[in-house]
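Thank you for making room for this at the meeting. I would like to walk through one model slowly, so please keep the structure open while I talk.

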Amino acid sequence: MYRSHNCGELNASNINTEVTLAGWVQKSRDKGFMNWVDLRDRYGITQLIFDESRTDKTVFELAKTLGREFVIQVKGTVIEREAKNKNIPTGEIEILVSELTILNAALTPPFTIEDETDGGEDIRMKYRYLDIRRNPVKNSLLFRHKVAMEVRKYLSDLDFCEVETPYLIKSTPEGARDFVVPSRMNEGQFYALPQSPQTFKQLLMVGGMDKYFQIVKCFRDEDLRADRQPEFTQIDCEMAFVEQEDILNVFEGLTRHLLKEIKGIEVDKFPRITYDYAMKTYGNDKPDIRFGMKFGELNEFAQHKDFPVFNAAELVVGIAVPGAGNYTRKEIDGLIDWVKRPQVGASGMVYVKCNEDGTYKSSVDKFYDQDDLTNWAKATEANPGDMIFVLSGPANKTRAQLSALRMELATRLGLRNPEEFAPLWVVDFPLLELDEESGRYHAMHHPFTSPKPEDMALLETEPGKVRANAYDMVLNGNEIGGGSIRIHDKATQQLMFKYLGFTEEEAKAQFGFLMDAFQFGAPPHGGLAFGLDRLVAILGGQETIRDFIAFPKNNSGRDVMIDAPAAIDDSQLKELSIKLDLK
């Protein structure tokens with residue numbers, strides 16, 4: 001064997017034991033007559049000692065040639081370490097080396113393999129296999145493995161069955177662009193990579209599998225950001241003969257299980273709020289409820305005065321920022337500039353200082369008296385010492401702007417503690433949303449989401465008011481999962497396609513296989529999918545998913561390590577009957 005022990009398990013109980021270790025040279029310290037080498041593997045670091053008076057001369061000289069990241073094997077005796085290191089499990093011992101074998105020499109790496117490295121993100125992505133040797137990345141991957149194992153354990157104990165579904169499927173409209181794959185054997189035709197296994201998991205319910213899950217790769221050709229990759233992983237689940245409450249209970253249980261087993265945290269409350277409440281109170285449908293700063297709508301108290309900006313606005317809305325009443329004018333102007341950035345898009349911002357003596361000082365004192373500002377404070381739940389920030393304009397746009405400001409202020413004030421976890425459910429989403437450019441309705445989730453039975457009559461008259469039998473799990477301001485009760489009969493599914501603008505022919509061409517299946521006894525069913533990458537990152541105290549993925553893409557969707565995507569040669573294009581037009 002290359003090793004009898006790993007580099008993280010030896011301690012004082014092993015003193016005088018003959019051992020064989022293998023790993024990478026972390027660093028060496030040559031003092032002339034004595035040479036110490038830190039040997040590293042996935043499990044930890046063990047210090048090796050080469051002593052001129054006790055080590056074979058050939059071995060001693062060979063040790064002087066070792067460089068960083070050399071792969072070596074050593075044999076020796078565990079001895080007590082004189083200068084003990086209490087920061088590592090092996091810090092009481094070292095290995096007096098008797099034999100040394102260089103298994104592979106190494107070039108000097110382009111960045112230091114340390115927790116705090118000198119390598120920038122680009123160079124670390126290019127040499128990702130070296131980056132993985134660093135503890136932060138290695139531990140993130142091990143953490144991901146632990147979460148995935150707990151998910152499998154929890155669901156398997158509830159009698160869910162893991163079933164694989166195909167990667168080469170048919171392109172269907174599900175919201176994002178598909179990645180497509182040409183078929184050599186079917187000239188001029190293409191597969192698509194699945195954005196989700198949606199139709200297959202529904203077919204598994206028709207097939208009687210009853211409880212399905214899969215930790216599965218999904219693919220979406222869309223713009224990237226810190227928490228989005230072109231290929232991502234879902235914990236995909238479906239259940240037959242269930243209602244919404246059944247599904248919410250199962251996945252509250254899963255979330256509780258993960259928080260307890262992974263973080264040692266007990267969470268009792270899973271608040272449930274409606275989509276409308278979330279939008280009016282927090283400005284988005286994935287609110288972070290670890291802190292307050294709820295929205296206060298001010299139209300009643302701010303309009304019909306002499307301030308034309310508010311009078312012309314569809315919505316006037318504010319938040320109270322705790323303890324910010326002492327902000328300087330420079331700090332306030334900085335926040336006004338922040339909301340006026342193109343990424344936020346506000347035209348300006350009004351502020352009100354809530355003085356400790358119960359009076360108010362605002363940027364619009366010319367138009368509003370103390371009674372008006374008292375009403376603003378009540379509406380925003382402001383206390384003495386707080387600051388109220390107010391935005392106005394079109395309702396949806398203004399809520400989004402204030403939501404961005406709320407999150408920015410919470411970050412600056414240290415209110416987003418990554419070790420605090422606040423899950424909730426958002427329910428009663430709209431079934432459809434109107435595309436203002438095309439004038440057509442689109443499914444807010446996907447075309448297979450069931451409407452609330454009590455809202456079915458509104459499909460004919462007010463489709464925008466129909467609520468979906470859908471739900472999202474939100475954790476710390478991030479949507480970590482979502483799902484719905486599905487449509488399970490052909491007539492309702494045809495009706496849904498009609499309101500989404502599909503002709504009968506288009507619906508049959510795209511989804512005929514599913515509607516055919518519904519005619520053979522489809523059970524009521526529903527499900528949910530968690531985003532594993534995002535869930536793992538949040539449990540790991542981060543919001544960027546990249547370090548929890550072994551080989552991620554950059555923001556341009558490129559793998560800079562293997563240089564993909566890449567051109568293919570003309571013979572391959574010809575075989576696939578593809579011609580390029582890159583004008």
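Valine 309 sits in helix 9, which covers residues 308-311, and I should say at once that this is a predicted model. Is valine 309 buried, exposed or partly exposed? Its relative accessible area is 47%, and because the partly exposed class lies between 20% and 50%, valine 309 is partly exposed. If you look for leucine 391, you will find that its C-alpha atom and that of valine 309 are separated by 10.0 Å, although the two residues are 82 residues apart along the chain.

That brings us to the strand around residue 391, which is strand 16, residues 387-393. Strand 16 is mostly covered, with six of its seven residues buried. On the question of partners, strand 13, residues 315-321, pairs with strand 16 over seven bridges in the antiparallel sense, and within that pairing glycine 318 has valine 390 of strand 16 as its bridge partner. Strand 14, residues 350-354, also runs antiparallel to strand 16 and is joined to it by four bridges, while valine 352 is the residue that stands opposite isoleucine 388 in strand 16.

Let me turn to a charged side chain, aspartate 372, which has its place in helix 11, residues 370-380. Which residues does aspartate 372 contact, once its neighbours within four places in sequence are left aside? They are Phe301, Lys305 and Phe367. With a relative accessible area of 9%, aspartate 372 is buried. For contrast, lysine 57, in helix 1 (residues 57-63), has a relative accessible area of 65% and is exposed. Lysine 57 and methionine 515 are 458 residues apart in sequence, and their C-alpha atoms are 79 Å apart in space.

Now to the open sheet, which is formed by eight strands in the order 6-9-10-22-21-20-17-11, with mixed pairing. Strand 6 (161-162) and strand 11 (272-274) stand at the edges, and each has a single partner strand, so one side of each is left without a neighbour in the sheet. At the strand 6 edge, the pairing with strand 9, residues 211-219, is parallel and consists of two bridges; here glutamate 162 has phenylalanine 213 in strand 9 as its bridge partner. Helix 4, residues 135-157, lies across strand 6, strand 9 and strand 10 (231-240), and runs at about 150° to strand 9.

Two residues deserve a careful look at the backbone. Methionine 293 has a positive phi of about 55° although it is not a glycine, and it lies in the loop between helix 7 (275-282) and strand 12 (296-297). Aspartate 428, which is not a glycine either, has a positive phi of about 60°, and its loop runs between strand 17 (423-427) and strand 18 (432-434). Methionine 293 counts as buried at 7% relative accessibility, and aspartate 428 counts as buried at 17%.

There is a further backbone feature at proline 565, where the peptide bond from alanine 564 is cis, with omega near 5°. Proline 565 is in the loop between helix 16 (532-539) and helix 17 (570-575).

Proline 565 also leads us to the second largest pocket, since Phe179, Val180, Asp221, Pro565 and Ala566 are the lining residues that lie nearest its centre, out of 29 in the lining. How much space lies in the second largest pocket? The volume comes to about 930 Å³. In terms of chemistry, its lining has 18 nonpolar, three polar and eight charged residues. Strand 7, residues 180-182, gives the largest share of that lining, with three residues.

Finally, the count of cavities of 30 Å³ or more comes to one, and about 50 Å³ of space lies in the largest cavity. Which residues line the largest cavity? They are Met125, Arg128, Phe551, Pro552, Asn554, Arg558, Asp559, Val560 and Met561, and by class that makes five nonpolar, one polar and three charged residues.

Note on methods:
Residues numbered from 1 in each chain as written. Predicted model: local features only at pLDDT ≥ 70, side-chain atom pairs only at ≥ 80, totals over all residues. Heavy atoms only, no water. 1 Å grid on protein atoms, 1.4 Å probe; cavity = no way out; pocket = protein on both sides within 12 Å on 5 of 7 lines; lining within 4 Å. Points joined across faces, edges and corners; volume = space filled by probe spheres on them. Nonpolar A, V, L, I, M, F, W, Y, C, P; charged D, E, K, R; others polar. Pairing = 2+ DSSP bridges. Contact = heavy atoms within 4.5 Å. Axes fitted to C-alpha atoms, helices over the stretch in contact; angles between N-to-C directions. Buried < 20%, exposed > 50% of the residue type's maximum accessible area, 1.4 Å probe, protein only.
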